[in-house]
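Please look through the structure below before reading on, turning it slowly so that you can follow the path of the chain. The paragraphs after it begin with a group of aromatic rings and then move outward to other parts of the chain.

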Amino acid sequence: MYTRKRMFVVLIGLVLVLLGSMAAKDNPMGIATKQTLTFTQPTVVAGSLLPAGTYNVTHQMQGQTHIMIFKQKGGTAEAKATCTLAPLASKAIVSEQHFTENAKNQRVLIQITFYGDKAIHVLEP
């Protein structure tokens, strides 16, 4: 009986290791597939002016191209942005957003770091 229990525990451990390695292979840059982000004022993302509010951000790969999709929670605003992933030496310990200003004096999102990710998202204009 003790041997069966021990073999069962070893088998469960192997399954967990296998699942973890499969997840790492699917996400080699160490980024979460879904995040939440809040803009405190209207912000341009990939040429689209999004109103202030909270957004669900999902990630897609289209070939080698990384796409971030911003969808407003409780609203209809949406934007898709192509971005480049810049690796970090370790997991981000804080979430950060970096902005610039365009010719119309609008705030433009240019870079995002999400807590726990191992890469910075640099948005393309």
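In this predicted model, a good place to begin is a cluster in which ring pairs link Phe39, Tyr55 and Phe70. The structure holds two aromatic pairs, and the pair made by Phe39 and Tyr55 is tilted, with 5.3 Å from centre to centre and 50° between the planes. This pair connects distant parts of the chain, since Phe39 belongs to strand 1 (residues 34-39) and Tyr55 to strand 4 (residues 53-62), and the two residues are 16 residues apart. Both partners are buried, for Phe39 has a relative accessible area of 1% and Tyr55 has one of 0%.

Why is the pair of Phe39 and Phe70 called stacked? The centres of these rings are 6.4 Å apart and their planes stand at 25°, and because planes under 30 degrees apart count as stacked, the pair falls into that class. Phe39 lies in strand 1 and Phe70 in strand 5 (residues 65-72), so this pair ties together parts of the chain that are 31 residues apart in sequence. Phe70 is buried as well, with a relative accessible area of 0%.

The next residue to find is Thr43, which has its place in strand 2 (residues 43-45). Is Thr43 buried or exposed? Its relative accessible area is 0%, and because buried means under 20%, Thr43 counts as buried. A polar atom of the side chain of Thr43 lies 2.9 Å from the backbone oxygen of Gln41. If neighbours within four places in sequence are left aside, the residues in contact with Thr43 are Ser48, Leu49, Leu50, Phe99, Arg107 and Leu109. Two of these contact partners, Phe99 and Arg107, also have an arrangement of their own, in which Arg107 lies over the face of Phe99, at 3.8 Å from the ring centre.

From here the path leads to the later strands of the chain. Strand 7 (residues 96-101) and strand 8 (residues 107-113) pair in the antiparallel sense, and six bridges are found between them. Among the bridge partners, Gln97 is matched with Ile112 of strand 8, and Thr100 is matched with Val108 of strand 8. The two strands form a hairpin with five residues between them, and in its turn Asn105 has a positive phi of about 60°.

Strand 8 also runs antiparallel to strand 9 (residues 119-123), to which two bridges join it. Ile112, already met as the bridge partner of Gln97, has His121 of strand 9 as a bridge partner too. Strand 8 and strand 9 form a hairpin with five residues between them, and here Gly116 in the turn has a positive phi of about 90°. Strand 8 is mostly covered, as five of its seven residues are buried.

It helps, finally, to step back and consider the chain as a whole. The chain has one helix and nine strands, and when it is read along the sequence these elements follow the pattern α-β-β-β-β-β-β-β-β-β. Of the 125 residues in the chain, 27% count as buried. Among the contacts between residues at least 6 apart in sequence, 47% join residues at least 24 apart. The accessible surface of the chain comes to about 8,500 Å², and 59% of this surface belongs to carbon and sulfur atoms.

Notes. Residues numbered from 1 in each chain as written. Predicted model: local features only at pLDDT ≥ 70, side-chain atom pairs only at ≥ 80, totals over all residues. Heavy atoms only, no water. Helix = DSSP H or I, 4+ residues; strand = E, 2+ residues; numbered from the N terminus. Buried < 20%, exposed > 50% of the residue type's maximum accessible area, 1.4 Å probe, protein only. Polar contact = N/O pair within 3.5 Å; in protein donor to acceptor, adjacent residues only side chain to side chain. Contact = heavy atoms within 4.5 Å. Phe/Tyr/Trp six-rings, centres within 6.5 Å; stacked < 30°, edge-to-face > 60°. Lys NZ or Arg CZ within 6 Å of the ring centre and 35° of its normal. Pairing = 2+ DSSP bridges. Areas by Shrake-Rupley, 256 points an atom, 1.4 Å probe, with all protein chains shown as cover.
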